Amino acid sequence: MELDKNEYTVEAAKGGGFFAYYKDNLLCSAYGETPAEAYENLERVLDDFASDMYMVEEYV
């Protein structure tokens, strides 16, 4: 999943590294040593989140 620049934010973490989060769901966040790594990790988190949501819908 490729995100639009307006959908996420990457900030420097206090202890070093970078923290990325999805603006529409702050629970979807990720850490990385570089901004690019934080973004890639955020993409994986969002893919997993979407997959989990589809699984829940199948049970309902």
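## A three-stranded sheet and its helix

This predicted model contains an open sheet of 3 strands in the order β1-β2-β3, with antiparallel pairing. Here, two strands pair if DSSP finds at least two bridges between them, while strands (E, at least two residues) and helices (H or I, at least four residues) are DSSP runs numbered from the N terminus. β1 and β3 stand at the edges with a single partner strand each, so one side of each has no neighbour in the sheet. From one strand to the next, the twist averages 25°; for this, axes are lines fitted to C-alpha atoms (for helices over the stretch in contact), and angles run from 0 to 180 degrees between N-to-C directions.

A word on the ground rules: residues are numbered from 1 along each chain as its sequence is written, and side-chain values use heavy atoms, with hydrogens and water left out. Because the model is predicted, local features need pLDDT of at least 70 and side-chain atom pairs count only at pLDDT 80 or more, whereas totals for chains, interfaces and linings use all residues.

### Walking through the strands

Let us start with the first hairpin. Strand β1 (residues 8–12) pairs with strand β2 (residues 18–22) in the antiparallel sense over 5 bridges. Within this pairing, threonine 9 has tyrosine 21 of β2 as its bridge partner, and alanine 12 stands opposite phenylalanine 18 in β2. The hairpin of β1 and β2 has 5 residues between the strands, and there glycine 16 takes a positive phi near 110°.

On to the second hairpin: β2 and β3 have 2 residues between them. Strand β3 (residues 25–32) runs antiparallel to β2, joined to it by 5 bridges. Alanine 20 has alanine 30 in β3 as its bridge partner, and phenylalanine 18 is matched with glycine 32 in β3.

### Aromatic pairs

How many aromatic pairs does the structure hold? There are 2, and the table sets them out.

| Pair | Centre to centre | Angle between planes | Class |
|---|---|---|---|
| Tyrosine 8 and tyrosine 39 | 4.9 Å | 45° | tilted |
| Phenylalanine 19 and tyrosine 21 | 6.0 Å | 35° | tilted |

Rings of Phe, Tyr and Trp (its six-membered ring) pair if their centres lie within 6.5 Å; planes under 30 degrees apart count as stacked, over 60 as edge-to-face and the rest as tilted. The pair of tyrosine 8 and tyrosine 39 links distant parts of the chain, 31 residues apart: tyrosine 8 lies in strand β1 and tyrosine 39 in helix α1 (residues 35–59).

Tyrosine 8 is buried at 13% relative accessible area, and tyrosine 39 is buried at 16%. Phenylalanine 19, with 33% relative accessibility, counts as partly exposed. Buried means under 20% relative accessible area, exposed over 50%, and partly exposed in between (1.4 Å probe, protein chains only).

### The nonpolar core

The largest nonpolar core has 10 residues: Leu3, Tyr8, Ala20, Tyr22, Cys28, Ala30, Ala38, Tyr39, Leu42 and Leu46. Such a core is a set of buried Ala, Val, Leu, Ile, Met, Phe, Trp, Tyr and Cys residues joined through side-chain atoms within 4.5 Å. At least two of its residues come from each of β2, β3 and α1, and α1 gives the largest share, 4 residues.

Two tyrosines help to picture this core. Leaving out residues up to four places away in sequence, tyrosine 8 touches Leu3, Tyr21, Tyr22, Lys23, Tyr39 and Leu42, where contact means heavy atoms within 4.5 Å. With neighbours within four places again left aside, tyrosine 22 is in contact with Leu3, Glu7, Tyr8, Cys28, Leu42 and Leu46. Tyrosine 8 and cysteine 28 are 20 residues apart in sequence and 9.8 Å apart in space, C-alpha to C-alpha.

### A polar residue on the helix

Is asparagine 41 buried or exposed? Asparagine 41, found in helix α1, counts as buried at 18% relative accessibility. Not counting residues up to four places away in sequence, asparagine 41 touches Ala30, Tyr31 and Gly32. Its side chain also makes a polar contact with the side chain of arginine 44 at 2.7 Å. A polar contact is a pair of N or O atoms within 3.5 Å; within protein, one must be able to donate a hydrogen and the other to accept it, and residues adjacent in sequence count only if both atoms are side-chain atoms.
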